[in-house]
Amino acid sequence: MIDFTFTENQLAVRDMAREVAASVVIPTIQEFDRKHTLNPELLPAMAKANLLGFCIPEEYGGMGMDYISLGLACEEMEYADTAARVVLSVHLGLFCMSVLTWANEEQKQKYLVPAAKGEKISTFGLTEPAAGSDVRGMQTTAIKKGDKYILNGEKMWISLANVADQFLVFAYHDAEMKKKRDPHGISAFIVERGWKGLTTGSIEGKLGVRAGNTGWISMQDVEVPAENLVYKEGAGFKIAMFCLDQGRYTVASGSCGLIKACLDASTKYSHERKTFGVEIGEHQLVKQMIANMVKGYEYSRYLWMKAGVLKNEGKRNTRETALAKWVACEEAEQAAHSAVQIHGAYGYSDEYPVERFFRNSKGAAIYEGTREVQTIMQADYALGYRKDKPLERELPIVGQE
Ligand SMILES: Cc1cc2nc3c(=O)[nH]c(=O)nc-3n(C[C@H](O)[C@H](O)[C@H](O)COP(=O)(O)OP(=O)(O)OC[C@H]3O[C@@H](n4cnc5c(N)ncnc54)[C@H](O)[C@@H]3O)c2cc1C
């Protein structure tokens, strides 16, 4: 039996996110979306409101909140703009939650504590120019030399790449295993901005998430101390998949915020706009689009909350999280498509926000596992081709809510 009643603390996190979204994101979003840049005030505002580490335990600089709070915060941020939710996805979901689970105590003190306090911005670099869905096709190498690993390779499409201070990156530590595409040859490392040979840049001309930073990381003979290997050699693939369990959860819940934004904009406009002597909301075909948004919003929420409850209990949740992500992203794309339609020609201009919602909705069907990858995963679970084994590391039970 799942209890969907929110506690006072969960609602306090939601309100904190709502406040940052309302005061920092919404008033400036059109400007920064047009400029294709991240609002420089966003990360400091999120840090000040403790939004960058709230579900990390207090002993590591966070507030010890749970996964339901994380989902609620993602909904609020993406209600304002997808780029604002992406910050939670990469910094808190993909980096902090994963470092909390897999890193050793010294690594947590050095990298997790400043990240949770919002002093160091963090991100996750898995994708490469020629390897996205096909993770095993990565070309980056980390060859051990004495007490260092020498990293060479390029990471591409990395959120916050040009802004982050620290990066969780993945590379083959074994050239033979790379040739055989053996996932046991992949390891995870934490690397820092400022290290010789590491450069970053931004990708220009994106379709959506324009008010965010998406970029590349280039590593040319970057000397990474051996103590920055996360967990152990060969655990990188498993860690990357674990990271995606966290990231997909934030995308699923964030997408519900996007659906709600489409719904609110569409109902408002349906009352304002009149055709043939009545509000357009009176037309049955407009009602159908609105009803579908309501349906998509409600059941997508149940799916991320179900995944959140499993996460809170420390239970394996890869299937449920991937399902929540797949469904919410599809519903968000459909809602954004309908929202533009309901706005007619005005939906085709950035005078109204639905044009931005439409562009932003496309990204989630690509990142953190494309729609096709999600589809195959769910079929494989149903067919018994895919089964989750227990993880080597205990899942962190965050928050006591
Ligand atoms: C805005 C944005 C932010 C991102 N942020 C990050 C980040 O922070 N960190 C990071 O590491 N990555 C990030 N990514 C990258 C993202 O995760 C990849 O783009 C994604 O995994 C897909 O990889 P790809 O683009 O190489 O597409 P490909 O893997 O080349 O796929 C191309 C097409 O082929 C389909 N396809 C591929 N394999 C199969 C198959 N077996 N069966 C059926 N169809 C298949 C795909 O579904 C897709 O339609 C981001 C991407 C975007 C757009």
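1. Start with the ligand. In this predicted model, domain 2 (123–234) and domain 3 (237–383) both give residues to the shell around the ligand, so the ligand lies between them. The shell counts 22 residues. The closest are Thr-127, Gly-132, Ser-133, Thr-370 and Glu-372. Three elements give two or more residues to this shell: β1, β3 (148–159) and α12 (371–383). By class, the shell holds 10 nonpolar, 9 polar and 3 charged residues.

2. Next, the domains themselves. The domain assignment splits the chain into domain 1 (8–121), domain 2 (123–234) and domain 3 (237–383). Between domain 2 and domain 3, the C-alpha centres are 30 Å apart. Their contact draws 13 residues from domain 2 and 10 residues from domain 3. What classes make up the side of domain 2 that touches domain 3? That side has 11 nonpolar and 2 polar residues, and no charged ones.

3. Now find strand β4, residues 166–172. Is β4 mostly covered or mostly open? It is mostly covered, with 7 of its 7 residues buried. In a regular strand, side chains alternate between the two faces of the sheet. Look for the two sets here. Gln-166, Leu-168, Phe-170 and Tyr-172 point one way from β4. Phe-167, Val-169 and Ala-171 point the other way. Both sets are buried.

4. Strand β4 has partners. Strand β1 (residues 122–125) runs parallel to β4, and 4 bridges join them. Strand β5 (residues 186–192) pairs with β4 in the antiparallel sense, over 7 bridges. Gln-166 is a good place to check both pairings. It is the bridge partner of Ser-122. It also stands opposite Glu-192 in β5.

5. Helix α9 allows a simple length check. It covers residues 284–312, which is 29 residues. At 1.5 Å a residue, the helix should span 42 Å, and its end C-alpha atoms are 42 Å apart, so the two values agree. Just after α9 comes Gly-314, with a positive phi of about 75 degrees.

6. Ala-336 sits in helix α10 (residues 318–342). Is Ala-336 buried or exposed? It is buried, because 29 C-beta neighbours lie inside 10 Å and the cut-off for buried is 20 or more. Leaving aside residues up to four places away in sequence, Ala-336 touches Leu-258, Cys-262, Val-354, Phe-357, Phe-358 and Ser-361. Met-293 is 43 residues from Ala-336 along the chain, yet their C-alpha atoms are separated by 9.0 Å.

7. Two residues other than glycine deserve a look for their backbone angles. One is His-36, whose phi is positive, near 60 degrees. His-36 is in the loop between α2 (29–35) and α3 (42–48). It counts as partly exposed because 17 other C-beta atoms lie within 10 Å, a count between the limits of 12 and 20.

8. The other is Val-209. Its phi is also positive, about 45 degrees, although it is not a glycine. Val-209 lies in the loop between β6 (198–202) and β7 (214–225). Why does Val-209 count as buried? It has 25 C-beta neighbours inside 10 Å, and 20 or more is enough.

Key: Residues numbered from 1 in each chain as written. Predicted model: local features only at pLDDT ≥ 70, side-chain atom pairs only at ≥ 80, totals over all residues. Pairing = 2+ DSSP bridges. Near = placed C-beta within 6 Å. Nonpolar A, V, L, I, M, F, W, Y, C, P; charged D, E, K, R; others polar. Domains from an automatic or database assignment. Expected span 1.5 Å × (residues − 1). Contact = placed C-beta atoms within 7 Å.
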